[in-house]
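Me: I'd like to learn how to read the sheets, domains and pockets of a model like this one. Can you walk me through it?

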2 protein chains.
Amino acid sequence: MREQTTGPHLLRTSTAELVAGVLRDRIAQAVYEPGERLSEEAIGAELEISRNTLREAFRLLGHERLLVHKLNRGVFVRVLSASDVKDLYLVRRVIECAAVRNSAGGDMAACREAVEDGERAAADDRWRDVGTANLRFHQALVALHGSSRLDELMGQLLAELRLVFHVMENPGAFHAPFVARNRLLTGLLEEGRLAEAEQYLSKYLDDAEALLQAAFDSSSSARLGGA
Amino acid sequence: MREQTTGPHLLRTSTAELVAGVLRDRIAQAVYEPGERLSEEAIGAELEISRNTLREAFRLLGHERLLVHKLNRGVFVRVLSASDVKDLYLVRRVIECAAVRNSAGGDMAACREAVEDGERAAADDRWRDVGTANLRFHQALVALHGSSRLDELMGQLLAELRLVFHVMENPGAFHAPFVARNRLLTGLLEEGRLAEAEQYLSKYLDDAEALLQAAFDSSSSARLGGA
DNA sequence: CTTGTCGAATTGTTCAACGATTCTTATGTT
DNA sequence: AACATAAGAATCGTTGAACAATTCGACAAG
């Protein structure tokens with residue numbers, strides 16, 4: 001990251017935000033696993049940036065709840081608890097159901113596109129892509145609100161959720177059953193059957209949460225040495 | 001802020017967060033007005049902290065949307081637009097109405113307390129206190145969800161809203177008419193008339209938004225030199 | 001086995017410096 | 001006088017080094 005000093009800046013954003021982007025990706029890809037400590041010196045040396053700049057990036061991600069900052073001990077990749085999953089899905093129900101309920105006249109193009117991407121990915125057994133398409137579908141659902149703040153909030157929630165998925169042994173398979181439900185939900189919305197759609201989505205989220213909680217519990221009991 | 005180096009740290013939080021707290025207060029109190037640029041050197045010298053630490057605090061507040069960071073130009077106190085007000089109230093409607101709708105069995109103590117504080121403040125013409133009590137009432141409403149994430153989100157929304165209030169010539173008077181509505185809404189909730197309560201709150205928020213938009217428009221037209 | 005102490009490693013914070021960008025102001029041309 | 005341009009000042013972005021403060025692990029003493 002030294003090249004920038006020689007030529008004219010092609011960067012439209014600060015180095016700290018660039019670095020934050022790199023780290024965000026690595027966390028999403030589980031290069032850094034939940035609970036892992038991120039060394040200022042090691043990462044700073046690897047990315048060739050100063051500690052100060054790296055710390056700015058850490059602050060950024062801390063505020064996005066991807067990292068937790070422990071005083072004098074450093075930053076760690078966030079580890080989510082069962083109660084976090086509960087909270088996350090409570091918020092999703094509030095926001096996504098409201099989006100569906102008020103979606104009359106909204107543009108469903110992005111939703112439909114995400115659904116079809118998910119179906120293609122599932123047909124090819126590209127599980128990772130199924131997952132991202134699924135997340136994009138829900139992001140598109142929230143976008144029906146037309147609110148930049150809700151869009152940002154949803155993006156943050158989904159980033160946290162990705163952290164939970166890593167706990168599961170087969171994150172890809174988790175999303176597969178929901179592809180069909182995405183299509184069905186989209187159909188209900190396009191036909192304007194909003195009340196049905198809302199109820200359907202509510203159950204959808206209940207099921208997803210239950211699955212996640214189950215995987216979560218078994219993983220945590222295994223970690224504690226269940227015989 | 002140098003004293004901390006001598007004695008053992010009594011601080012449980014980092015200086016950057018302490019500084020962020022100070023700046024947050026000053027913005028809320030309009031010591032720093034919307035649009036104003038905050039000089040790293042000036043504030044750093046006044047608070048006796050280094051530029052690096054101050055920059056960490058700026059990042060924090062930037063993420064809370066109280067400051068906007070312009071590359072190579074510095075940080076400015078956020079200036080909200082009419083569309084921001086619209087977005088803010090859209091989110092409030094989604095979250096607060098959902099809180100009311102699902103509030104069956106929730107603990108209304110905090111709500112009632114905020115209502116009564118507001119009434120006392122209004123009786124004594126302590127307009128500023130009326131405003132803070134009003135904000136606390138809505139925060140308590142959202143707290144019925146029992147979600148830490150929604151609590152945090154609401155706190156952020158209200159902080160942004162405070163920025164809008166500063167645009168009005170008499171911020172205190174704005175809140176006065178809503179004290180009675182807070183009491184009425186609380187009553188509906190305690191009687192379990194949730195559907196009515198939700199509808200009432202929805203109109204409540206519509207009215208507040210309209211008032212704010214009006215004050216906003218007149219202020220911006222005045223700023224452009226309306227005769 | 002618990003407790004206390006020492007030292008290494010890491011974070012928290014500051015400082016000084018320099019490149020890069022923006023803003024200001026003076027200058028010169030038409 | 002108006003406008004474009006260029007030098008200069010101010011400020012931000014980033015770095016690297018330095019030192020204080022805290023944590024952690026090892027080892028000795030009780």
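Reply: Sure. Let's start with what counts as a pair: two strands pair if DSSP finds at least two bridges between them. Keep in mind that this is a predicted model.

Me: Which strand does strand 2 of chain A pair with in the antiparallel sense, and over how many bridges?

Reply: The general idea is that strands of a sheet pair through backbone hydrogen bonds, either parallel or antiparallel. Here, strand 2 of chain A pairs with strand 3 (residues 74-77) of chain A, antiparallel, over four bridges. You can follow the register residue by residue: A:Lys70 has A:Gly74 as its bridge partner in strand 3 of chain A, and A:His69 stands opposite A:Val75.

Me: What about the hairpin of strand 2 and strand 3 of chain A: how many residues sit between the strands, and which residue takes a positive phi?

Reply: There are three residues between the strands, and A:Asn72 is the one with a positive phi, near 65°.

Me: Now the whole sheet. In what order do the strands of the chain A sheet come?

Reply: The order is 1-3-2, in an open sheet of three strands with antiparallel pairing. Strand 1 (37-38) and strand 2 (67-70) of chain A are the edge strands, each pairing on one side only. Then look for what packs on the sheet: helix 3 (residues 51-63) of chain A touches strand 1, strand 2 and strand 3 of chain A, and its direction makes about 115° with that of strand 2.

Me: And chain B? Why is one side of strand 1 and of strand 2 left without a neighbour in the sheet?

Reply: Begin with the order again: chain B has an open sheet of three strands, 1-3-2, with antiparallel pairing. Strand 1 (37-38) and strand 2 (67-70) of chain B stand at the edges with a single partner strand each, so one side of each has no neighbour in the sheet. Four bridges join strand 2 of chain B to strand 3 (residues 74-77) of chain B, and B:Val68 has B:Phe76 as its bridge partner there. Helix 3 (residues 51-63) of chain B lies across strand 1, strand 2 and strand 3 of chain B, at about 115° to strand 2.

Me: Zooming out, how many helices and strands does chain A have, and into which domains is chain A divided?

Reply: Chain A has ten helices and three strands. Reading from the N terminus, the elements go α-β-α-α-β-β-α-α-α-α-α-α-α. The chain is divided into domain 1 (3-77) and domain 2 (82-223), whose C-alpha centres lie 28 Å apart. Their contact takes nine residues from domain 1 of chain A and seven residues from domain 2 of chain A.

Me: Last one: how much space lies in the largest pocket, and which residues are closest to its centre?

Reply: As a general idea, rolling a probe the size of a water molecule over the atoms shows where empty space is left. In this model, the largest pocket holds about 690 Å³ of space. It is lined by 28 residues, and B:Ala28, B:Thr132, B:Leu135, B:Arg162 and B:His166 are the closest to its centre.

Me: Which helix gives the most to that lining, and what classes of residue make up the lining?

Reply: Helix 7 of chain B gives the most, with eight residues. Helix 1 (15-28), helix 6 (127-143), helix 7 (148-165) and helix 8 (171-175) of chain B each supply at least two residues. By class, the lining has eleven nonpolar, ten polar and seven charged residues. Domain 1 (3-77) and domain 2 (82-223) of chain B each contribute at least three residues to the lining.

Conventions
Residues are numbered from 1 along each chain as its sequence is written. Chains are lettered from A and ligands numbered from 1 in the order in which they are written. This is a predicted model: local features need pLDDT of at least 70, side-chain atom pairs count only at pLDDT 80 or more; totals for chains, interfaces and linings use all residues. Side-chain values use heavy atoms; hydrogens and water are left out. Contact means heavy atoms within 4.5 Å. Axes are lines fitted to C-alpha atoms, for helices over the stretch in contact, and angles run from 0 to 180 degrees between N-to-C directions. On a 1 Å grid over the protein atoms alone, a cavity is a set of points where a 1.4 Å probe fits but cannot get out, and a pocket is an open set with protein on both sides within 12 Å along at least five of seven lines; lining residues have an atom within 4 Å of a point. Grid points are joined across faces, edges and corners, and a volume is the space filled by probe spheres set on the points. Ala, Val, Leu, Ile, Met, Phe, Trp, Tyr, Cys and Pro count as nonpolar, Asp, Glu, Lys and Arg as charged, and the others, Gly among them, as polar. Domain bounds come from an automatic or database domain assignment.
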